[in-house]
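Here is a quick tour of one chain, taken a few features at a time. Keep the viewer open and follow along.

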Amino acid sequence: MTTDMRELLLSRIRDVSDYPKPGVMFKDITPLLADPAAFTALTDALAGMCARHGATKVVGLEARGFILAAPVAVRAGLGFIPVRKAGKLPGATLSQAYELEYGTAEIEIHAEDLGGDDRVMVIDDVLATGGTAEASLALIRRAGAEVAGVAILMELGFLGGRARLEPALQGAPLEALLRV
């Protein structure tokens with residue numbers, strides 16, 4: 001990624017203090033999404049990652065991952081698969097539970113959306129602690145598909161998500177356009 005593109009993306013991400021709770025510095029990507037040049041540059045960069053890693057499908061993680069992954073799938077000419085919170089998809093699903101800082105959560109995909117011929121690129125906006133991404137990799141493999149990689153707009157390095165995700169990647173790449 002060029003320095004100009006990095007600067008463009010960073011300039012369109014707004015810091016919001018004390019959101020959603022005191023002491024948290026929230027990284028708001030809505031200004032980036034509102035800027036057609038920045039959103040196009042981001043979409044092109046992520047679509048390029050899909051091509052480099054031979055992806056056949058794109059998975060977007062609920063909810064902001066949907067916003068990034070759907071246009072990437074269109075740009076790359078690939079199918080888009082939403083990974084949803086449990087209970088949000090009709091029909092037969094595969095689910096994967098995972099640990100959160102305080103408790104557990106569960107994600108799902110439609111059982112028929114992925115198969116043995118698929119190489120899946122997981123796309124999300126932020127890699128924080130890595131729990132949702134880790135669970136998505138297990139879910140993709142349980143569906144019989146191969147993980148092509150994980151592509152993230154922004155990695156919050158101080159939260160340790162990369163270290164948590166590393167074993168689950170099983171050699172697949174993890175690429176973050178920005179690290180903060």
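Which residues does Leu 153 touch, leaving aside those up to four places away in sequence? The list runs Leu 9, Ile 13, Ile 29, Leu 32, Leu 42, Leu 68, Asp 124, Asp 125, Ala 176, Leu 177 and Leu 178. Bear in mind that this is a predicted model.

## Nonpolar cores

Leu 153 is a good way into the largest nonpolar core, which has 30 residues. Together with Leu 46 and Ile 123, Leu 153 touches the most other members of that core. Several elements give two or more residues to it: helix H1 (3-11), H3, H4, strand E7 (119-127), E8 and E9. H3 provides the largest share, with nine residues.

There is also a second core, separate from that one, made up of 28 residues. Ile 81, Leu 94, Ala 133 and Ala 168 are among them. As general background, nonpolar side chains in soluble globular proteins tend to be buried together.

## How H3 meets H4

Next, a helix pair. Two packed helices are described by the angle between their axes and the distance between the axes. For helix H3 (residues 36-52) and helix H4 (residues 64-76), the angle is about 65 degrees and the axes are 8 Å apart. The crossing of H3 past H4 is right-handed.

Who is in the contact? On the H3 side you'll find Phe 39, Thr 40, Leu 42, Thr 43, Asp 44, Leu 46, Ala 47 and Cys 50. H4 answers with Ile 67, Leu 68, Pro 71, Val 72, Arg 75 and Ala 76. Sorted by class, the H3 and H4 contact comes to 10 nonpolar, two polar and two charged residues. Two names here are worth remembering from the core: Leu 46 of H3 is one of the core residues that touch the most other members, and Leu 42 and Leu 68 both touch Leu 153.

## Salt bridges

Side chains of opposite charge can pair when their charged atoms come close. This structure holds 12 salt bridges. One of them joins Asp 28 and Arg 14, at 2.5 Å from N to O. Asp 28 sits in strand E2 (residues 25-28) and Arg 14 in strand E1 (residues 14-17), so this pair ties together parts 14 residues apart in sequence. Asp 28 is buried, at 12% relative accessible area, whereas Arg 14 is partly exposed, at 43%. The E1 and E2 strands have another such link: Asp 15 and Lys 27 meet in a salt bridge of 2.6 Å, N to O. Here Asp 15 belongs to E1 and Lys 27 to E2, 12 residues apart. Asp 15 is partly exposed, with a relative accessible area of 44%.

Further along, Arg 179 forms a salt bridge with Glu 155, with 3.0 Å between the closest N and O atoms. That pair links distant parts of the chain, with Arg 179 in strand E9 (residues 174-179) and Glu 155 in strand E8 (residues 146-155), 24 residues apart. Glu 155 is buried, at a relative accessible area of 6%. Add Arg 162 and you have a network of salt bridges linking Glu 155, Arg 162 and Arg 179.

## Backbone oddities

Where are the cis peptide bonds? One runs from Tyr 19 to Pro 20, with omega near 5 degrees, and Pro 20 is in the loop between E1 and E2. Another joins Glu 62 and Ala 63, with omega about 0 degrees. Ala 63 lies in the loop between strand E3 (57-61) and H4.

The loop between E1 and E2 also holds Asp 18. Asp 18 isn't a glycine, yet its phi is positive, about 60 degrees. Asp 18 counts as partly exposed at 48% relative accessibility. Gln 170 has a positive phi too, near 50 degrees, and is exposed at 60%. You'll find Gln 170 in the loop between helix H6 (161-169) and E9.

## Around Glu 106

Last stop: Glu 106, in strand E6 (residues 103-110). Glu 106 is partly exposed, at 35% relative accessibility. Residues up to four places away in sequence aside, Glu 106 touches Arg 84, Lys 85, Ala 86, Ser 95, Gln 96, Ala 97 and Tyr 98. Gly 87 is 19 residues from Glu 106 in sequence, and their C-alpha atoms are 9.1 Å apart.

Definitions and conventions:
Residues numbered from 1 in each chain as written. Predicted model: local features only at pLDDT ≥ 70, side-chain atom pairs only at ≥ 80, totals over all residues. Heavy atoms only, no water. Salt bridge = Lys/Arg side-chain N within 4 Å of Asp/Glu carboxyl O. Helix = DSSP H or I, 4+ residues; strand = E, 2+ residues; numbered from the N terminus. Buried < 20%, exposed > 50% of the residue type's maximum accessible area, 1.4 Å probe, protein only. Axes fitted to C-alpha atoms, helices over the stretch in contact; angles between N-to-C directions. Left-handed = near helix turned anticlockwise from the far one by under 90°. Contact = heavy atoms within 4.5 Å. Nonpolar A, V, L, I, M, F, W, Y, C, P; charged D, E, K, R; others polar. Core = buried A, V, L, I, M, F, W, Y, C linked by side-chain atoms within 4.5 Å.
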